[in-house]
Amino acid sequence: MTDLYQPLRVGKVDAPNRIFMAPCTRCRADLDQIPTAIMAEYYAQRATAGVLITEGVNPSPLGRSELNQPALYSDAHERGWIPVVDAVHEAGGRIFAQLMHAGRVSFPELLSGAATPVAPSAIRPDPDFRGYAVRCPRHDRPYPTPEALDAAGVEREIGHFVDATVRAVRAGFDGVEIHGAGGYLPMQFLSSSTNHRTDRYGGSLENRSRFLMDCVERASEAVGADRVGVKLSPAFNFNDVYDDAPQDLYASVAQRLSACGIAFIEVSDYRGRHSVREFDPVALIRRNFAGVVVANGGFDRDSADELVKSGGADAVSFGSMFIANPDLPERFRIDASLSRPDRSTYYTTPDGDLRVGYTDYANLRLEVL
Ligand SMILES: Cc1cc2nc3c(=O)[nH]c(=O)nc-3n(C[C@H](O)[C@H](O)[C@H](O)COP(=O)(O)O)c2cc1C
């Protein structure tokens, strides 16, 4: 029977276990979006994950949703990631960069040259919806109406995803995960509430999938499909993004991604606010995708183990638990107690000390030594 400690081939890499780290934005890059030294330490501490997926990394100057988010669209960003990737590899780990483009979920102050946020259509998020943007001054206000991307803009933003993929692999990453979840730009194209376009990127389900598929196909051509993963959240309406027929949409997207032969799909099954629980998103993707399925959202050791043993997913990714327990696979293995994450230090730290709530969570083995 397959358990969490059976190795797993994920595209180009061999994962020694099926306990992955889910992407978690931590806002510890510098204001030019260049990774800092402490980020290398943080990710290396978590190198025993089967696969580490980084926090959202902006592929485009228009992709940012927080200050201090890292990016990967310049030579300086690319150089900045090398020590992070090297530290993880030296610690024996595997690491994919998550490419995250905020689209309409941003403020002009966060975008280079104070540009207007971009989206498939000029539809603003419900003004009552308050996003995260905690690292943006005056973030507690409605998001502005975005600018609809014209044809050249769509092409440009897809190009940014492809360039960032090439940069990621050149910097030494084992691959990239394209963020198609969470209500950010690719999901804004996928979803009927945010995409009212009448060109080939809007309307039919196939057209609404085109932005994501173009990014995936062109990234795959550039570096190989076995270095590309995708995150989807079919039953999650965070950032005020809805679809009229999500089961049809995501069955079709998963089938197309299957045909591309990508390394994995990470499926977020968030339970709680903003989630619709009319269907099981992990089972939906499993039925329609032949590659590695990584389930995510609210799992603990036993529920993860049960899902993998039942064949419902190949691996499970952990967000908040991995933030608080850098040695999570070992803790699960010996059934050790778990540290609880401190939400107040997710994105900011008191007195600007970047270590607090970041690199100062205990590693059991190191504590004993
Ligand atoms: C602090 C924090 C930051 C997050 N940032 C991201 C992100 O950058 N990209 C992303 O896809 N998901 C992000 N997430 C969501 C996680 O990847 C994951 O889907 C979610 O936490 C559910 O998994 P969990 O229950 O194991 O924490 C974040 C979650 C947390 C707690």
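Here are some questions and answers on a predicted model.

User: Why is P16 called partly exposed?
Analyst: P16 has a relative accessible area of 40%. Buried means under 20% and exposed means over 50%. The value for P16 lies in between, so P16 is partly exposed.

User: Where is P16, and which residues does P16 touch?
Analyst: P16 sits in the loop between β2 (13–15) and β3 (19–21). Leaving out residues up to four places away in sequence, P16 touches Y5, Q6, P7, G50 and R94. Q6 is ten residues from P16 in sequence, and their C-alpha atoms are 6.8 Å apart.

User: Why is D174 said to have no salt bridge?
Analyst: The nearest side chain of opposite charge is R227, 5.1 Å away. A salt bridge needs a distance within 4 Å, so R227 does not form one with D174. D174 is buried all the same.

User: What makes the pair of D174 and I95 a polar contact?
Analyst: A polar side-chain atom of D174 lies 2.8 Å from the backbone nitrogen of I95. The cut-off is 3.5 Å, so the distance fits. D174 itself is in the loop between α3 (151–171) and β8 (175–179).

User: How do you know that S320 makes a polar contact with the ligand?
Analyst: A polar side-chain atom of S320 is 2.9 Å from an oxygen atom of the ligand. That is within 3.5 Å, so the pair counts. The protein covers 85% of the 600 Å² of accessible area that the ligand has on its own.

User: What does the backbone of G298 offer the ligand?
Analyst: A polar backbone atom of G298 lies 2.7 Å from a ligand oxygen atom. This is within 3.5 Å, so it is a polar contact.

Conventions: Residues numbered from 1 in each chain as written. Predicted model: local features only at pLDDT ≥ 70, side-chain atom pairs only at ≥ 80, totals over all residues. Heavy atoms only, no water. Helix = DSSP H or I, 4+ residues; strand = E, 2+ residues; numbered from the N terminus. Buried < 20%, exposed > 50% of the residue type's maximum accessible area, 1.4 Å probe, protein only. Lys, Arg positive; Asp, Glu negative; His and termini not counted. Polar contact = N/O pair within 3.5 Å; in protein donor to acceptor, adjacent residues only side chain to side chain. Areas by Shrake-Rupley, 256 points an atom, 1.4 Å probe, with all protein chains shown as cover. Contact = heavy atoms within 4.5 Å.
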